[in-house]
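User: Please take a close look at one part of this protein for me, and walk me through how it sits among its neighbours. I work at the bench, so plain language is welcome.

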Amino acid sequence: MLYAVYIQSVKTARVKRFLYWAGVCDVQWQFTSGWLKQARRCESPHFNARPEAEVSLLVIHNISLPAGCFGLPYIDALFQGCLDVQADASFACLADLQVSAHFLIRRDGEIVQYVSCDDRAWHAGLSSFQGRENCNDFAIGIELEGTDELAYTEQQYLQLDRLTRQLLQEYPLLSPERIVGHSDIAPGRKTDPGASFDWHRYLGGLAG
Ligand SMILES: [Zn+2]
């Protein structure tokens, strides 16, 4: 009997693993101290403590370095504070910039995490949500590798959906009504994630 239960549990674990790798099942996604186990961890020194330990806003951004170029190591380097500003002429304005985000979703769907969700990453800058300033205090920032003009990839929408669902479970003060673009909380200063981001698809998928 015990052997039968053991065999069944092994089979169940195998099925779950298969479903996970097939992208069908989220059962193995989990957070530990604000770090997503399934993300590639790439720690940034650009963070500090949240003043209220509150997570109640999700901010969607885009980034590409150099602009419009993908799959390169420069975003990791920027967030880790070790970007070689000589590597491209456009990087000169990034010298000594101390920025980060909690997550990056690359064009191929890879998720990279730089800062624990329990800590304050430095992605929103001067910002305001419903009259409350300094959104970094209470927000999680997700960067999509991309631009305002170019369509995001299928893999990015799939991974963003999965990541968002996990965050909604993990942080109960988050809700679909409290998901915004950087351009919403810093109008006139920021334009990302841009017209290329399909909000209808993203938020509609969460509701389904
Ligand atoms: Zn942004």
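**A close look at β11**

Analyst: Happy to help, and let's begin with a residue facing the part in question: Ile 105 stands opposite Leu 144 in β11. A word on the source: this is a predicted model, in which local features need pLDDT of at least 70 and side-chain atom pairs count only at pLDDT 80 or more, while totals for chains, interfaces and linings use all residues. Residue numbers start from 1 along each chain, as its sequence is written.

Ile 105 belongs to strand β6, residues 103-105, and β6 pairs in the parallel sense with β11, residues 139-145, over three bridges. Here a strand is a DSSP run of E of at least two residues, numbered from the N terminus, and two strands pair if DSSP finds at least two bridges between them. Phe 103 has Ile 142 of β11 as its bridge partner.

Now for another neighbour: strand β5, residues 57-63, also runs parallel to β11, and seven bridges join the two. Along this pairing, Leu 57 stands opposite Ala 139 of β11.

Stepping back, these strands belong to an open sheet of six strands with mixed pairing, in the order β3-β7-β6-β11-β5-β12. The edges are β3 (40-41) and β12 (179-181), each of which pairs on one side only.

How covered is β11? Seven of its seven residues are buried, meaning that 20 or more other C-beta atoms lie within 10 Å of a residue's own, with C-beta atoms placed from the backbone (12 or fewer makes a residue exposed, and anything in between partly exposed). In a regular strand, side chains alternate between the two faces of the sheet. For β11, Ala 139, Gly 141, Glu 143 and Glu 145 lie on one side, and Ile 140, Ile 142 and Leu 144 on the other. Both of these faces are covered.

For a contrast, try Glu 154, which sits in helix α3, residues 154-170. Glu 154 counts as exposed because it has 9 C-beta neighbours inside 10 Å. Its C-alpha is 8.2 Å from that of Gly 109, although the two are 45 residues apart in sequence.

As for the setting of β11, the protein has five helices and twelve strands, a helix being a DSSP run of H or I of at least four residues. Of its 208 residues, 31% count as buried.
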